[in-house]
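Please open the structure in your viewer and keep the selection tool at hand, as this tour goes from one stop to the next and says at each what is there.

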Amino acid sequence: MFDPKFYTVTSISHLVESRNGDSMGAQANLAYQVERLNALHNIDLAIISNSDPYVVLGTVLDQIIPHLKVDAATILLLNPQSMLLEYAAGRGFHTAALQHTHLRVGEGHAGHAVAKRRIVAIPDLGAEAGDFTRSLLLANERFIAYHAVPLIAKGEVKGVLELFRRASFTPPMEWLDSLYAIATQAAIAIDNVALHSDLQRSNLELARAYDTTIEGWSRALDLRDRETEGHTQRVTEMTIRLAHTIGMTQDQLKYVRWGALLHDIGKLGISDWILFKQGPLTEEEWLVMRQHPVYANDILSPIPFLRLALDIPYCHHERWDGTGYPRGMRETQIPLAARVFAVVDVWDALRSDRPYRSAWSEAQVQDYLLAQRGKQFDPKIIDTFFALLSGIGLLS
């Protein structure tokens, strides 16, 4: 009886060819090869169309079980930090026997397959002591034949594929060839998913770094003008709520947030004696002050990841009737994010104490916003904002 414990792929043909009567007929072999190509193709599609590692691994197992005619299969992934083989996916089990597997490299059949980078074949698990005592529940599965295949991509072990049968099994050459081909494809799938996960993690860390930097800039702007301290955070939070209410996407909301946090960054270009002047500004001083959206554009537009956040810093002083600045845009020429922010910005400013006036009452603020509906502000956004205020109990 064919009973190796370890064998390499290069030795498979010799081992199988030495057996008489195991070869398939030409027609059956062709059908089997077509079936194998179909299984590999389906795994390829899973790699291309999914970024969720568990979906990909599940698809791999869904192809392996019928094609290799096994009863159950698992994939254990090698954790590069702990160097433990950990359960990642399984199919065909009656119990949860192996779902908490944590094996050291070199431990048990799967660990030996990884350590030696060879396929481990066990014709009769009942005659083997030790390995599957890691799970007493496995006895209820009544498995007999077992194979463990190291999953290797780019010269690195990614994990191990375990195959189980509830009947004795002497694998023919075509089965072993298919096992090797599918294991190779599975390793590529795992490697690609890992690369995608690493890229996603890097992108998330980069986005967090961007967000932290932008929040730091925003706090620095607030420190420069303590009279409006807290205004930026408040209007950012309310702008996000309003933008979400009108149906902006999560990706759009990211740039709305950044734009709101940096809405007054252009004031860095305004001299302190104008910015902090106690009395009213002269016409010449107003001309300078009205350049701060232009300065915001000059500051932010060279930064690629902030270009989509420019709408608010550059356009939040435009007016629905076309009398705003710096470009005199009107109605829907004004970017949506800027139209949303403009309403919230004025609403918060009027509700806050300033050196030159006390905070307005809620009724006064609401009357002003309604009076500016269709003049300073987009009418639809005013209506949506009032509905939002009513919903959160801030409408008097």
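Begin by selecting Ala148 together with Glu162, since the bridge partner of Ala148 in strand S7 is Glu162. The model is a predicted one, in which local features need pLDDT of at least 70 and side-chain atom pairs count only at pLDDT 80 or more, while totals for chains, interfaces and linings use all residues. Residues are numbered from 1 along each chain as its sequence is written, and side-chain values use heavy atoms, with hydrogens and water left out.

Now widen the selection to strand S6 (residues 145–153), which runs antiparallel to S7 and is joined to it by 9 bridges. Strands here are DSSP runs of E with at least two residues, helices are runs of H or I with at least four, and both are numbered from the N terminus; two strands pair if DSSP finds at least two bridges between them. Between S6 and S7 the hairpin has 2 residues, and in this hairpin Lys154 takes a positive phi near 55°.

Next, add strand S2 (residues 72–79), which is also antiparallel to S7 and joined to it by 6 bridges. Select Thr74 in particular, for its bridge partner in S7 is Glu162, the residue that is also the partner of Ala148. With S7 itself (residues 156–165) selected, 9 of its 10 residues are buried, so the strand is largely enclosed by the rest of the structure; buried means under 20% relative accessible area, exposed over 50%, and partly exposed in between, with a 1.4 Å probe and protein chains only.

From the strands, move to Arg165, whose charged end sits over the ring of Phe169, 4.1 Å from its centre (the criterion is NZ of Lys or CZ of Arg within 6 Å of the ring centre and within 35 degrees of the ring normal).

The structure holds 11 aromatic pairs. Among them, Phe169 and Trp175 form an edge-to-face pair, 4.9 Å centre to centre with 70° between the planes. Rings of Phe, Tyr and Trp (its six-membered ring) pair if their centres lie within 6.5 Å, and planes under 30 degrees apart count as stacked, over 60 as edge-to-face and the rest as tilted. Phe169 counts as buried at 15% relative accessibility, and Trp175 is buried with a relative accessible area of 5%.

Finally, select Trp347 and Phe385, whose ring centres are 5.4 Å apart with planes at 85°, so this pair is edge-to-face. Trp347 lies in helix H12 (residues 336–350) and Phe385 in helix H14 (residues 379–391), so the pair ties together parts 38 residues apart in sequence.
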